[in-house]
Amino acid sequence: MTEPNAQTLRWMYETMLLIRRYEETMAQVYLEGKLPPHIQMGLAFDIASGPVPGEMHLAAGQEPVAVGVCAHLTVTDTVVGTHRPHHFAIAKGVPLDHMTAEIFGKATGLGRGKGGHMHLFDPEHRFSCSGIVGASMPPACGAALAAKMLGTQDIAVAFFGEGAANQGTFHESLNLAALWKLPVVFVCEDNAWAISVPKDKATAIHSNAKRAAAYGMEGITVERNDAMEVYHAARQAVNRARLGHGPTLVEVKTDRYFGHFQGDAEVYRPKDEVSQLRKHDPIPALGATLRKNGLLDDGSEAQIRDQVDARVRAAFEFARTSPYPSAAEATEHAFA
Amino acid sequence: MSNARTLTMAQAIAEAIGQEMDRDPRVFAMGEDIGSYGGIFSATSGLLARFGPERIRDTPISESAFIGAATGAAAAGMRPIAELMFVDFFGVCMDQIYNHLAKNRYMSGGQVKLPVVLMTAIGGGYGDAAQHSQCLYATFAHMPGLKVVVPSNAYDAKGLMIQAIRDDNPVVYFFHKGIMGLPWMKYFDGATNGVPEEAYTVPFGQAAVVREGRHVTVVAVSQMVHKALAAAKQLQTEGIDLEVIDLRTLVPLDRETVIRSVGKTGRLLIADEDYLEFGLSGEIAAVVAERLDQIALKAPVRRLGVPGVPIPYSRPLEEAVIPSMQSIADACRLLMDAQLNQAA
């Protein structure tokens, strides 16, 4: 097994911290103006109020999936994410300030405020995502097909949840990718919950990775929410794609620390589930690996955390102080 | 026009695709049975032999996957043409079309360029029943983010296809089976016409006045243009002179040509093979209604379309719901006899 080098290990750790800090900050900022007494009419919560309106799906706990996979990618590889996209975007290198501005609906946002948190597009870093469950796989196949036809070494990654593995697009795309030997990696983030429905109430088999066999493809299951384990599984899959040997399905058993969306009362979830999951937080686990390798000590840890805090603060400050788009822009950009 | 030969619409479309594939290596086509079969309606006939299976790519019956892949390939620099065999099959892939292909450019603030042509077969009149006979172009025109092209003849079909391939936006290109010039389906001769050998474009958003007339403006697209022209020929003997407008594209829509014509004739019939309600005919009627401060009507607007039922199978039933040359002629006679209520 080829271990990640020091630079990659540091990047993985810093990026996981950055994602976590980002999501925790967003969880706080999202609540601004949404709770009494800021809102009227006897509501307990108003989804439309505050600086960040609309739904908010946060990925704290799922950092290993994003960094373990994206550690192997280049700028020109394509990543298509999900409705819960921040960790993927951050790990793919999408600029934090423009992404945050998009989530604030500002003119400096990635899509000039037209997409919002579920619809982040960064062509430069070849990142996109979709609010529709199961929508990531077909365009990832297309990006992979383009790479193949253009003769580049680029690959594409489609991230999706375990709930999305029951969509037709999953099966259509796995078949297409295997049939055409496309340089694509399908990464199933199994966080055990499709909103409120647990996997065993939605999926007839225990492991989605087994479904790969139906398409003549290797399926790999990463049983632990561990960045190093994801890294090793993804390495095989990415190498296979890059060498022109076709697609792989990688399933990662990961953990969702927040609700499906912010404001989700999570009545469906055992009360102590998250506190149990947090005992296996993947961030300190990776930190311990770095320390064991002499890549981290108390001093550098504090320094990294300060840098991460500063980057997140700056991104939110950029978003808050950016102007809104003018109303006239609403009718622009439908067509070139 | 140099080097014009007579081509069928299917031949003209295939020629357009072939010439653009010669010109630009980023152009490729994928769809069900587009390779050795040449497309069920021959829109890619002969192209596999010229370009091979990488660029004329047969797909599995997985419309969501390959239409979504067209979006992804376009975002990554290619210029794909995807064929949805019948427009009626949109139900199995509409999320990839209208939530992604149509919206991603807007949601990206104009950053993501998606030069995709989605071509698809439309139309009934040959007993293929409710799931293989619809037009549905108005459904696609209703949703923002897609250009909508509906050619009526081979000359336009070639120029509009080349324009579509060169456009940096998603274009849905609808060809009517009954004007493709297929050896196994009756078609209107007027659709098979002179087509220059060289590549050329027909710009979007420019309707064609295909017949000038004084009394009634008939607005149509696709096969209905030919039915309107046949009705005009018949009515000429009765002294009724039709002006026939072929819109050619619905998005963008050439409103001015419609207004100019209705301003001249004062009478408007929209003859449409798509569903009557909430569609093309209502849109054109609204375009005119909104401009009645500038032009005057001599009679209320009339509309023909498929009334609120799916396309029936049985021949007399299908003939009863799809507007015909006869129903267009009848509607025009009624328009000539009708008057506006001046008392109101």
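This briefing covers how two chains touch, how two helices pack, and how strands pair. The model is predicted. Chain A and chain B meet in a contact that takes 35 residues from each of them. Chain B also holds an open sheet of 7 strands. In chain A, a β-α-β crossover links two strands.

**Where the chains meet**

- The contact draws 35 residues from chain A and 35 residues from chain B.
- On the side of chain B that touches chain A, α3 (63-75), α4 (94-101) and α5 (104-107) of chain B each supply at least two residues.
- The largest share of that side comes from α3(B), with 10 residues.
- By class, the side of chain B that touches chain A has 16 polar, 14 nonpolar and 5 charged residues.

**Two helices in chain B**

- Helix α1 of chain B spans residues 9-23, and helix α7 of chain B spans residues 154-166.
- Their axes come within 8 Å and cross at roughly 30°.
- Angles under 35 degrees count as roughly parallel, so α1(B) and α7(B) are roughly parallel to each other.
- The crossing of α1(B) and α7(B) is right-handed.
- From α1(B), the residues making the contact include M9(B), A12(B), I13(B), A16(B) and I17(B).
- From α7(B), they include A154(B), A157(B), K158(B), M161(B), I162(B) and I165(B).
- The residues of this helix contact divide into 10 nonpolar, 2 polar and 3 charged.

**The sheet in chain B**

- The 7 strands run in the order β3-β2-β4-β5-β7-β6-β12 (chain B), and their pairing is mixed.
- Strands of a sheet pair through backbone hydrogen bonds, in either a parallel or an antiparallel way.
- The edge strands are β3 (56-58) and β12 (249-251) of chain B. Each of these two pairs on one side only.
- On average, neighbouring strands of the sheet are turned by 20° against each other, direction ignored.
- Look at one pair within chain B: strand β4 (residues 79-86) and strand β5 (residues 117-122). They pair in the parallel sense over 5 bridges.
- A82(B) stands opposite L118(B), which lies in β5(B).

**A crossover in chain A**

- Strand β7 (residues 218-222) of chain A pairs with strand β8 (residues 248-253) of chain A.
- This pairing is parallel and has 5 bridges.
- G219(A) has L249(A) in β8(A) as its bridge partner.
- Between the two strands, the chain passes through helix α7 (residues 227-242) of chain A.
- This β-α-β crossover, from β7(A) to β8(A), is right-handed.

Definitions and conventions: Residues are numbered from 1 along each chain as its sequence is written. Chains are lettered from A and ligands numbered from 1 in the order in which they are written. This is a predicted model: local features need pLDDT of at least 70, side-chain atom pairs count only at pLDDT 80 or more; totals for chains, interfaces and linings use all residues. Two residues are in contact if their C-beta atoms, placed from the backbone, lie within 7 Å. Helices (H or I, at least four residues) and strands (E, at least two) are DSSP runs, numbered from the N terminus. Ala, Val, Leu, Ile, Met, Phe, Trp, Tyr, Cys and Pro count as nonpolar, Asp, Glu, Lys and Arg as charged, and the others, Gly among them, as polar. Two strands pair if DSSP finds at least two bridges between them. A crossover is right-handed if, with the strands pointing away from the viewer, the path from the first strand over the helix to the second runs clockwise. Axes are lines fitted to C-alpha atoms, for helices over the stretch in contact, and angles run from 0 to 180 degrees between N-to-C directions. Angles under 35 degrees count as roughly parallel, over 145 as roughly antiparallel, 65 to 115 as roughly perpendicular and the rest as oblique. A crossing is left-handed if the near helix is turned anticlockwise from the far one by less than a right angle, and right-handed if clockwise.
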